[in-house]
Amino acid sequence: MFDRPFAVEIITPEQTVLKIQAVSISAPGVQGGFQVLYGHAPLLAALGPGKVQVQEAGGATHIYATGGGFLEVRENHVIAMLDSAERAEDIDVARARAAR
């Protein structure tokens, strides 16, 4: 059951960032981090800034730094509607340190 794929979409106001079949997604809920697997109960959760991690069935992992938003789980379909999402490998470390 824990390796069955389900649909995952990550969207921002500007674009669809990711649309794949995944076996898990972890997100930073405002009341604590959580993970969604196949068969998860329906859920609507507010997300805080942090890391969203998506694991594909083939083993690939997608990691995003996010600026908060909402995540909905319904009938093995997850939609993360985020204020911003930047792939970990695309982050400009010098810019991030200056912004901090």
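Trainee: Let's start with β2 and β3: how many bridges join these two strands, and which way do they run?

Mentor: The general idea is that a strand is a DSSP run of E, at least two residues long, while a helix is a run of H or I with at least four, both numbered from the N terminus. Two strands pair if DSSP finds at least two bridges between them. In this case β2 and β3 are joined by 5 bridges and run antiparallel. For a spot to click on, take Pro-28, whose bridge partner in β3 is Gly-33. The turn from β2 into β3 is a hairpin through 2 residues.

Trainee: Before I click around, what kind of model is this?

Mentor: This is a predicted model, with residues numbered from 1 along each chain as its sequence is written, and local features need pLDDT of at least 70, side-chain atom pairs count only at pLDDT 80 or more, and totals for chains, interfaces and linings use all residues. Side-chain values use heavy atoms, with hydrogens and water left out.

Trainee: Which strand pairs with β1, and over how many bridges?

Mentor: Strand β1 covers residues 6-11 and pairs with β2, residues 16-29, in the antiparallel sense over 6 bridges. Find Ala-7 and look across: its bridge partner in β2 is Gln-21. A hairpin links β1 to β2 as well, through 4 residues.

Trainee: How many bridges does β2 make with β4?

Mentor: β2 and β4 run antiparallel and are joined by 5 bridges. Follow Ile-25 across and you land on Val-54, its bridge partner in β4. Now carry on from Val-54: His-62 is its bridge partner in β5. That second pairing, β4 with β5 (residues 61-73), is antiparallel and spans 12 bridges.

Trainee: What should I look for in the hairpin of β4 and β5?

Mentor: Look for Gly-59. That hairpin has 4 residues between the strands, and Gly-59 takes a positive phi near 110° there.

Trainee: Back to β2. Is Ser-24 buried or exposed?

Mentor: Relative accessible area sorts that out: under 20% is buried, over 50% is exposed, and anything in between is partly exposed (1.4 Å probe, protein chains only). Ser-24, which has its place in strand β2, is buried because its relative accessible area is 10%.

Trainee: Which residues is Ser-24 in contact with, leaving aside its neighbours within four places in sequence?

Mentor: Contact here means heavy atoms within 4.5 Å. With those neighbours set aside, Ser-24 is in contact with Phe-6, Gln-35, Val-36, Leu-37, Gln-53, Val-54 and Gln-55. Val-54 should ring a bell: we met it as the bridge partner of Ile-25.

Trainee: And how does Gly-39 read: where does it lie?

Mentor: Gly-39 sits in the loop between β3 (32-36) and β4 (43-56). With a relative accessible area of 44%, Gly-39 comes out as partly exposed. Try a distance with it too: Gly-39 and Leu-82 are 43 residues apart in sequence and 23 Å apart in space, C-alpha to C-alpha.

Trainee: How many salt bridges does a search of the whole structure find?

Mentor: The rule is a side-chain nitrogen of Lys or Arg within 4 Å of a carboxyl oxygen of Asp or Glu. Searching the whole structure gives 1 salt bridge. Its side chains belong to Arg-74 and Glu-72, at 3.2 Å, N to O. Arg-74 is partly exposed at 48% relative accessible area, and Glu-72 is partly exposed at 23%.

Trainee: Zooming out, which pattern does the chain follow?

Mentor: Along the sequence the pattern is β-β-β-β-β-β-β-α, which gives 1 helix and 7 strands. Met-81, for example, is found in strand β6 (residues 77-82) and counts as partly exposed at 34% relative accessibility.

Trainee: What is the radius of gyration of the protein chain?

Mentor: That value is taken over C-alpha atoms, and the globule rule is 2.2 Å times the number of residues to the power 0.38. For 100 residues, a compact globule would be near 13 Å, and the protein chain has 13 Å, so the two agree. The C-alpha atoms fill a box of roughly 45 × 30 × 25 Å along the principal axes. Buried residues make up 30% of the 100 residues. Among contacts between residues at least 6 apart in sequence, 46% join residues at least 24 apart.
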